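Subject: A structure for you to look at

Hi there,

Here is the structure I promised to pass on. Please open it beside this email and follow along as you read.

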Amino acid sequence: MTVNLPKLTPNFIIIYADDLGFGDLSCYGASGIPTPHLDRMASEGLRFTQSYATAATCTPSRYSLLTGAYPWRNKRARILPGDAPMIIGEDERTLPGTLRDSGYRTAVIGKWHIGLGDGNIDWNGEISPCPLDVGFDESYVMAATNDRVPCVYVDGRKVDGLDPDDPISVVYGGVNPFPEVATGKDNPELLSMRHSDQQHYDTIVNGVGRIGFCRGGRAATWDDETMSDVFLKRSKNFISKNKTQPFFLYYALHQPHVPRIPNPRFAGSTDKGPRGDVIAELDGCVGEILEHLKAEGLDKNTVVIFSSDNGPVLDDGYRDDASVKCGEHKPAGPLRGGKYSMFDGGSRVPMIAWSPGYIKAGETPALFSHADFLMSFADMAGATIPESEQADSLEISATLLGKDTVGRDHLVTEGIGSKTVVRQGNWVYIPPHDGPKLFGDKGIETGNDSAPQLYDMDADIGQRENLAAQNPEKVAELKALLESIHGGSPPSGHSPTDVCSF
Ligand code: NG6
Ligand code: CA
């Protein structure tokens, strides 16, 4: 459908990092990892200090980014295995679908992790549903994460480069059903990357143990070292191809998620080991996209958002020196907790909105939820969404453009297992939860406590002083607010593939 749009309708690009923390960039206070392009993007754009992904893990956050709905509304929105079915319904309102209906060309390039197929996926045939069924015109994705099989790119409905004589089979759970496939468990001598847990010792692909069993698809297997270049090149092509009409690109980076395998150009470029190197690589990608927009004359008419799907983790299953080499660098900055956590380190993430034509440079403390892209972009694109389909998304484009510095009144986030947390103004309320205080051996605080927790984020960004006992009225008010949003308890997204008894 071609629609004549008003001249100033912007293009949109969301560059979404995978597990990048609030403190990982110099423009957010870090000093150990060079991120010159993101720092420049921040100095030319609007730097958010209180923007939140909706969850502390990937699938739930990305589900909200694309649908505008809080993840606990969908009990399948939890960390998905690589063969999980698509969790967005084909008739569900989505951000790309809304923009496509308004005349935009839309693409997702990079990490998907929202599920593919209908539960009985045939990797050797047509994959349906896929991103093309939920609003994207083009799709070039890794199905789940870079530590999960199948380690292939899916181009539209097909695995890219698949040799039909070497079909792919994927199985999750149990014991290895493919005797010819080497696993990290039985063939550790074949591993070139060391392991710290038993979840990443199934199929060995490129010398790295992955979660899940997989055989076949050798010609289609990705090369971890060039993954960044593959997604970047596709993204630049998509931009160039669509320069004469509005477009939306969801460029979903795989860095700095494990396994961290930078291109040799970046290997050793920092003194922080592979985690630092892939952050430097990610920064390079952002720089190239901004340069490319300028070269194509699109920099004044494109809104670029850079953010992350959840907070940081150092050791997430591979011993890659991230903890050892971290030194003084604090991936979550001043925040408590990290990936998986109910504390702010789990879901408060760096976010920069850049658009020389639309957004004045600066910094904003406005409260923003990644669920808000749906309504806010829709408004800028001239689309209207019926109230019944707005989900949890708010039209706060003025906040995104820096004209409003308050943003939301309140928002809900969640730690792993759909454990919800509410923030209103400067207050964060974490309901009582049983469970371990630390997340496995990752050194990350979960936020579990049998007592209610209340923090004043203005006075105590590190959530050190639980003020619940002194403020029973505030606790009651926020408890009631949270329950008015989701009822007594949200559906639990916890599953055996979530790590730890959590
Ligand atoms: C966990 C994996 C972790 C990562 C995560 C998903 C362990 C032992 N395993 O189950 O490595 O893949 O799932 O990350 O932690 S996410 O960013 O996609 O949510
Ligand atoms: Ca993630």
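Below is what I found, place by place.

First, some ground rules: this is a predicted model, in which local features need pLDDT of at least 70 and side-chain atom pairs count only at pLDDT 80 or more, while totals for chains, interfaces and linings use all residues. Residues are numbered from 1 along each chain as its sequence is written, chains are lettered from A and ligands numbered from 1 in the order in which they are written, and side-chain values use heavy atoms, with hydrogens and water left out.

**The calcium site**

Which residues hold the donors of the calcium ion (ligand 2)? They are Asp18, Asp19, Asp309 and Asn310, with Asp309 listed twice, and the donor atoms lie 2.2 to 2.8 Å from the ion. Donors are N, O and S atoms within 2.8 Å of the metal (3.2 Å for Na, K and Ca); water is not among the atoms, so sites may look incomplete. Along the chain, the donors follow the spacing D-D-x289-D-N.

The six donor atoms around the ion subtend angles of 50 to 173°, which makes the arrangement irregular. Six donors count as octahedral if opposite donors are over 155 degrees apart and all others between 65 and 115; four count as tetrahedral if all angles lie between 85 and 135 degrees, or as square planar under the rule for six; anything else is irregular.

Asp309 is buried at 0% relative accessible area, and Asn310 is buried at 0% as well. Buried means under 20% relative accessible area, exposed over 50%, and partly exposed in between (1.4 Å probe, protein chains only).

**Asp315**

Asp315 sits in the loop between β12 (302-308) and α6 (322-325). Helices (H or I, at least four residues) and strands (E, at least two) are DSSP runs, numbered from the N terminus. The side chain of Asp315 reaches the backbone nitrogen of Gly317 at 3.0 Å.

**Helix α8**

How many of the eight residues of α8 (373-380) are buried? Seven are, among them Phe373, Leu374 and Met375. Just after α8, Gly382 takes a positive phi of about 80°.

**Trp222**

Trp222 lies in the loop between β10 (213-215) and α4 (227-241), and is buried, with a relative accessible area of 2%. Its C-alpha atom is separated by 28 Å from that of Ala55, 167 residues apart along the chain.

Happy exploring!

Note on methods. A polar contact is a pair of N or O atoms within 3.5 Å; within protein, one must be able to donate a hydrogen and the other to accept it, and residues adjacent in sequence count only if both atoms are side-chain atoms.
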